[in-house]
Amino acid sequence: MINNNDSNNLDKIVALCKRRGFIFQSSEIYGGLANTWDYGPYGIELKNNIKRAWWKSVVYERNDIYGMDAAILMHPKVWEASGHTASFVDMLVDCKSCKKRFRLDKLEDNTCPECKGKDFTEPRSFNLMFKTSIGPVENTQSIVYLRPETAQGMFVNFLNILDTVHPRLPFGLAQIGKAFRNEVTTGNFIFRTLEFEQMEIEYFVRPQEADKYYDYWVDQRFNWYIGLGIRKENLRRRQHQLGELAHYARACTDIEYNFPFGWSELEGIANRSDFDLRQHSQKSGKDLRYFDDINKERFFPYIIEPSGGIDRSALAFLTDAYDEERIKNDVRVVLRLHKDLAPIKVAVFPLLKNRSMLVELAKKIAQDLKRYFVTIYDDTAAIGKLYRRQDEIGTPYCITVDVQSLDDRKVTVRDRDTMRQERIDIDNLKEYLTEKL
Ligand code: GAP
């Protein structure tokens with residue numbers, strides 16, 4: 001395994017993502033748009049697999065969490081009630097010597113990181129929400145924001161969920177979707193970008209049970225990453241100090257990953273208290289209290305919120321899976337992704353691409369397997385290169401069809417991690433791979 005704390009490893013991962021079609025710079029042919037990225041054929045599969053694993057674990061495998069998908073554009077009053085209009089700000093200063101702009105809270109010893117100057121402008125607040133407007137005429141009435149978190153879409157639907165699903169506390173809502181932030185400090189590839197995807201749960205509980213469920217969700221979410229292959233030594237919990245809590249949070253624990261640029265937040269689990277439901281009740285005039293029909297009382301539930309980023313998770317899974325293995329005078333780069341996350345599960349090659357019977361048989365095997373696993377057929381290089389390509393994509397199994405296959409109806413199946421090869425009957429491939437995958 002590579003050493004996570006080597007910052008060169010981020011360059012290696014960025015290079016692999018570009019070389020193998022995971023992630024590209026956005027609008028690259030125009031020089032690129034900074035801090036925005038496009039996911040290619042394997043990147044989108046990885047992202048979809050992360051989302052699927054999350055949704056399965058928090059919606060399908062539970063009885064108390066319901067999925068939803070709210071609009072990105074919301075009534076501007078939502079952001080007043082949530083506190084984002086007033087409080088979702090960074091304090092910025094400009095260095096008077098080099099004219100560069102910085103976040104005040106990121107300056108060390110009040111010194112400019114660029115030119116070491118110490119003379120700055122007065123701090124100015126800068127709201128992180130992207131503004132746009134509805135309709136042809138831009139005025140204060142038409143302003144809307146691109147949501148900076150998916151959470152609010154769930155809070156404002158609280159009543160709809162109570163009225164339609166009739167859930168009993170504790171219960172939760174889960175949502176995956178795009179969020180946008182006009183970040184001042186960006187960088188580190190897909191770690192902090194202007195546009196990203198979040199996977200958020202809003203878990204509604206009785207106030208007196210908030211601490212219990214807060215601890216519960218920190219454990220659940222920590223173990224989710226471990227279950228998908230993140231090494232324990234690269235994951236840790238970090239409790240927020242009072243001064244760093246977001247305006248809505250009573251307590252927050254970050255799950256941090258040991259990225260090549262240091263330990264950084266992967267997901268935050270916050271106790272949001274009854275802040276959101278109270279605020280939206282007050283601003284909308286709608287009673288968002290929960291009615292407990294056993295004790296005959298009405299109250300605002302507390303909310304425990306596990307909030308993770310899909311892009312950040314993708315970076316953590318890629319970093320943790322990236323490996324360089326020395327084989328004689330060569331280095332094999334392999335992504336040891338968890339099988340559930342691997343973009344392609346099976347690749348099928350003919351040993352010789354100019355033997356039409358091999359090509360035909362390999363294509364038929366790939367086509368048959370496509371019904372059950374994400375499978376590709378490839379004959380665009382020599383067999384050694386094809387293996388290396390799939391190792392770098394993280395494909396767990398490669399199947400080679402050779403001349404003998406035409407006689408004995410067996411093919412060679414190669415395991416990504418051990419590189420061990422087995423001869424398997426073509427008719428048993430589906431069962432063999434089902435068991436392995
Ligand atoms: N609703 C709570 C909330 O949004 P957050 O800590 O600001 O909390 C939650 O964001 C998660 O969203 C982070 O842990 C991170 O994974 C992801 N995230 C936040 N800002 C991001 C950005 N600019 N780029 C990529 N991911 C981001």
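This is a short chat about the salt bridges and overall build of one predicted model.

Q: Which residues does the model trust for local features?
A: Local features need pLDDT of at least 70, side-chain atom pairs count only at pLDDT 80 or more, and totals for chains, interfaces and linings use all residues. Residues are numbered from 1 along each chain as its sequence is written, and side-chain values use heavy atoms, with hydrogens and water left out.

Q: How many salt bridges are there?
A: The structure holds 45. A salt bridge is a side-chain nitrogen of Lys or Arg within 4 Å of a carboxyl oxygen of Asp or Glu.

Q: What does E256 pair with?
A: R236, with the closest N and O atoms 2.8 Å apart. E256 sits in strand β12 and R236 in strand β11, so the pair ties together parts 20 residues apart in sequence. Strands are DSSP runs of E, at least two residues, and helices are runs of H or I, at least four, both numbered from the N terminus.

Q: Is E256 buried or exposed?
A: E256 is buried, at 5% relative accessible area. R236 is partly exposed, at 34%. Buried means under 20%, exposed over 50%, partly exposed in between (1.4 Å probe, protein chains only).

Q: And D402, what is its partner?
A: R423, with the closest N and O atoms 2.9 Å apart. D402 is in the loop between β21 and α12, and R423 is in strand β23.

Q: New topic. How many helices and strands in the chain?
A: The chain has 13 helices and 23 strands.

Q: How much of the chain is buried?
A: Buried residues are 51% of the 437.
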